[in-house]
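These entries record what I looked up, topic by topic: charged pairs, then pockets, then the nonpolar core.

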Amino acid sequence: LAALLARAPDAAMLRRTRDLAGDDSELGRAVNALAAEAAKATPAGAEREYNRLFIGVGRGELLPYASVYLTGFLNEKPLAALRSDMLALGVERAPDVFEPEDHIASLCEIMAGLILGRFGAPLAVARQREFFNRHVGIWAPHFFADLEGASEAKLYAPVGAVGRAFMKIEADAFRMAGADGA
């Protein structure tokens, strides 16, 4: 998700995406739809779609930032809270990334890093859940639903479906882990 949301996919990313295969679950069907759209997409077409959705002239159809979804404005308190938590966790902004850290791609990368230990030791599940609930789960499902239904989305409609299904799985898994006291 992070790779497809950080920038328009190039030919190699489209090839990898078209080779994905899912099962008959909600997530699997979304993955299959994404693979089918990637098989039809060209890098130039994907870039035009990405730009119309997220950049646009003045602004794209969607603004993929937590601050926008939670407050209606860029660079607001949700971004400040995220930066504070990133500092406490030892997560630094990549020097070649110019988007605010509350961009959905950045948050997907941070979550993956916390789980896999890219910023030191993997974070305990309780801390992962706390970060997810505080910075991702409260708005990302809405963003992915909006992306799934965006008027400009062809390749990105199934990205939205994948993201929406994945966020539900993550929220359910963290809820179950919380019930076990983990």
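**Entry 1. Charged pairs.** I began with glutamate 101, which forms a salt bridge with arginine 93, with 3.1 Å between the closest N and O atoms. I note that the model is a predicted one. I then looked up the accessibility of both partners. Glutamate 101 has a relative accessible area of 8% and is buried, whereas arginine 93 is partly exposed at 32%. The 8% figure places glutamate 101 in the buried class because that class takes in residues under 20% relative accessible area.

I next turned to glutamate 109, which forms a salt bridge with arginine 118. The closest N and O atoms of this pair are 3.9 Å apart, a value that still qualifies because the cut-off is 4 Å. Glutamate 109 is partly exposed, its relative accessible area being 41%.

I also looked for salt bridges that share partners, and recorded one network that joins Glu26, Glu148 and Arg164.

How many salt bridges does the rule give? I recorded a count of 12. Among them is the pair of arginine 134 and aspartate 85, whose side chains meet with an N to O distance of 2.7 Å. Arginine 134 belongs to helix H8 (residues 125–135) and aspartate 85 to helix H6 (residues 77–89), so this salt bridge ties together parts that lie 49 residues apart in sequence. Is aspartate 85 buried or partly exposed? I entered aspartate 85 as buried, at 18% relative accessibility. For arginine 134 I entered partly exposed, with a relative accessible area of 43%. As a general remark, side chains of opposite charge can pair when their charged atoms come close.

**Entry 2. The largest pocket.** I looked up the volume and found about 570 Å³ of space in the largest pocket. Helix H1 (2–6), helix H4 (43–55) and helix H7 (104–116) are the elements that give two or more residues to its lining. H7 supplies the largest share, four residues. The lining of this pocket consists of 26 residues, and Ala6, Val97, Ala105, Ser106 and Glu109 lie nearest its centre. Glu109 thus returns here from the first entry, where I listed its salt bridge with arginine 118. By class, I recorded 16 nonpolar, two polar and eight charged residues in the lining.

**Entry 3. The second largest pocket.** For this pocket I noted about 270 Å³ of space. Its lining has 13 residues, of which Leu1, Cys108, Met111, Ala112 and Phe166 are the closest to the centre. Which elements give two or more residues to this lining? I recorded H7 and helix H10 (156–179). H7 again gives the most, here with six residues. The class division is 11 nonpolar, no polar and two charged.

**Entry 4. The nonpolar core.** The largest nonpolar core holds 45 residues, and I listed Leu5, Phe54, Phe143, Leu147 and Tyr156 as those that touch the most other members. I then looked up tyrosine 156 on its own. With neighbours within four places in sequence set aside, the contacts of tyrosine 156 include Leu5, Phe54 and Leu147. Arg7, Pro9 and Glu49 are also among the contacts of tyrosine 156.

**Entry 5. Asparagine 51.** I located asparagine 51 in helix H4, and its 29% relative accessibility counts as partly exposed. Lastly, I looked up its separation from aspartate 23, 28 residues away along the chain, and entered 31 Å between the C-alpha atoms.

Terms used:
Residues are numbered from 1 along each chain as its sequence is written. This is a predicted model: local features need pLDDT of at least 70, side-chain atom pairs count only at pLDDT 80 or more; totals for chains, interfaces and linings use all residues. Side-chain values use heavy atoms; hydrogens and water are left out. A nonpolar core is a set of buried Ala, Val, Leu, Ile, Met, Phe, Trp, Tyr and Cys residues joined through side-chain atoms within 4.5 Å. Buried means under 20% relative accessible area, exposed over 50%, partly exposed in between (1.4 Å probe, protein chains only). Contact means heavy atoms within 4.5 Å. On a 1 Å grid over the protein atoms alone, a cavity is a set of points where a 1.4 Å probe fits but cannot get out, and a pocket is an open set with protein on both sides within 12 Å along at least five of seven lines; lining residues have an atom within 4 Å of a point. Grid points are joined across faces, edges and corners, and a volume is the space filled by probe spheres set on the points. Ala, Val, Leu, Ile, Met, Phe, Trp, Tyr, Cys and Pro count as nonpolar, Asp, Glu, Lys and Arg as charged, and the others, Gly among them, as polar.
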